[in-house]
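Consider the sequence and the model below, and follow the text from charged pairs to a surface patch and then to a pocket.

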Amino acid sequence: MPRLLGPHLRGNRDFARMWASLTVSSLGDRFTSLALPTVAILALGAGSTTVGLLAMFGELPELLFSMVGGVIADRGPRRTILVTCDIVNALAIGSVPLLSALGHLSIAQLYAVATVEGIAALLSFLTFYAVLPGVAGRHALSDANARLEASRQASLVAGPGLAGGLIQLVGAARAMIVDSVSFICSAVLLAGLRGTGRAAMTGERPGFLRDLRDGARLVFADRHLRRLAFCSSLANFGAGMGLAVSLLFLYREAGMTPGEIG
């Protein structure tokens, strides 16, 4: 890993742990993103409304709790938040293969898993990128972001094919064990962080609601941030609509296998 780091990040043990954590969990996420709706469609006979609701429950936390999550990430113990979110994700996702093996899998459980995973993923994402500037240092921040994004894009290219192949081999529910294990590995890596990049606070800190109000004012008062928020929301909305119908079409109309879809 050190040889892959630029001169400003070489020897930065905390960044190496964060990079490895994101790489492992991003690859695992590709398994759940394909396996969860596949379980609903193939194992539980879900239709378009059910698959659409499943996607909605996964994305709803980002719409409703982003600003609250930002304040929590700013005020809370960041290493603890990161590790806790990974453990919660591991347990939530791991419940699918467990209950499937016991014969008690239901759509309601998949809704719950999607919601819990969405909340934990949101809080983890916000906390991760609140920690990053202090860990990498301002002078190496662009270098750090480039490496993190390269890992994320590699998982988007390689992950679906691996996920589709494994789903076809062992079934969608069992394939989600990979993501559960990836979150456990991520939690172990992040538990070893020596610092969280938080500057020491001086003076009396504003209350939670005051921080929330200041954050909202900052976003809506700045035209660039306002446009970015709108574009991101619109893109997520369209992607969710596409996912709800594309997998149903590919499985039931085109007759494709999970390996081919991956």
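## Salt bridges, a patch and a pocket

In this predicted model, the count of salt bridges comes to seven when a side-chain nitrogen of Lys or Arg must lie within 4 Å of a carboxyl oxygen of Asp or Glu. As general background, side chains of opposite charge can pair when their charged atoms come close. Three of these pairs are followed here, beginning with one in helix H5 and going on to helix H7.

In helix H5, which runs over residues 141–170, the side chains of Glu149 and Arg152 meet in a salt bridge with an N to O distance of 3.6 Å. The two residues are three positions apart in helix H5, and Glu149 and Arg152 are therefore separated by about one helical turn. Neither partner falls in the buried class, because buried means under 20% relative accessible area: Glu149 is partly exposed, with a relative accessible area of 36%, and Arg152 is partly exposed as well, with 23%.

Helix H7, residues 208–221, holds an arrangement centred in this account on Asp214, which forms a salt bridge with Arg210 and another with Arg217. For the pair of Asp214 and Arg217, the closest N and O atoms are 2.9 Å apart, and these two residues lie three residues apart in helix H7, about one turn of the helix. Salt bridges that share partners join Arg210, Asp214 and Arg217 into one network. On the other side of the sequence from Arg217, Arg210 has its closest N and O atoms with Asp214 at 3.3 Å, and since Asp214 and Arg210 are four residues apart in helix H7, they too are separated by about one helical turn. Each member of the network is partly exposed: Asp214 at 29% relative accessibility, Arg210 at 44% and Arg217 at 47%.

From charged pairs the account turns to nonpolar side chains on the surface. Leu63, Leu64, Phe65 and Ile119 form a nonpolar patch there, and together they have about 400 Å² of accessible area. Which helix gives the most to the nonpolar patch? Helix H2, spanning residues 48–75, does so with three residues, while Ile119 lies in helix H4, residues 107–136. Ile119 counts as partly exposed because its relative accessibility is 38%, and this value also passes the patch requirement of over 30% relative accessible area.

Helix H4 also contains Val116, which is partly exposed, with a relative accessible area of 34%. The C-alpha atom of Val116 is separated by 8.7 Å from that of Pro61, although the two residues are 55 residues apart along the chain.

The last stop is the second largest pocket, which holds about 180 Å³ of space. It is lined by 15 residues, and those closest to its centre are Ser100, Gly171, Ala172, Ala173 and Arg174. Which elements give two or more residues to this lining? They are helix H1 (13–43), helix H3 (78–102), helix H5 (141–170) and helix H6 (172–191). Helix H5 thus appears twice in this account, as the site of the salt bridge between Glu149 and Arg152 and as a contributor to the lining of the second largest pocket. By class, that lining has 11 nonpolar residues, three polar residues and one charged residue.

Methods: Residues are numbered from 1 along each chain as its sequence is written. This is a predicted model: local features need pLDDT of at least 70, side-chain atom pairs count only at pLDDT 80 or more; totals for chains, interfaces and linings use all residues. Side-chain values use heavy atoms; hydrogens and water are left out. Patches are made of residues with over 30% relative accessible area and no salt bridge: like charges are joined within 9 Å, nonpolar side chains (Val, Leu, Ile, Met, Phe, Trp, Tyr) within 5 Å. Accessible areas come from the Shrake-Rupley method with a 1.4 Å probe; for residues, only the protein chains shown count as cover. Buried means under 20% relative accessible area, exposed over 50%, partly exposed in between (1.4 Å probe, protein chains only). On a 1 Å grid over the protein atoms alone, a cavity is a set of points where a 1.4 Å probe fits but cannot get out, and a pocket is an open set with protein on both sides within 12 Å along at least five of seven lines; lining residues have an atom within 4 Å of a point. Grid points are joined across faces, edges and corners, and a volume is the space filled by probe spheres set on the points. Ala, Val, Leu, Ile, Met, Phe, Trp, Tyr, Cys and Pro count as nonpolar, Asp, Glu, Lys and Arg as charged, and the others, Gly among them, as polar.
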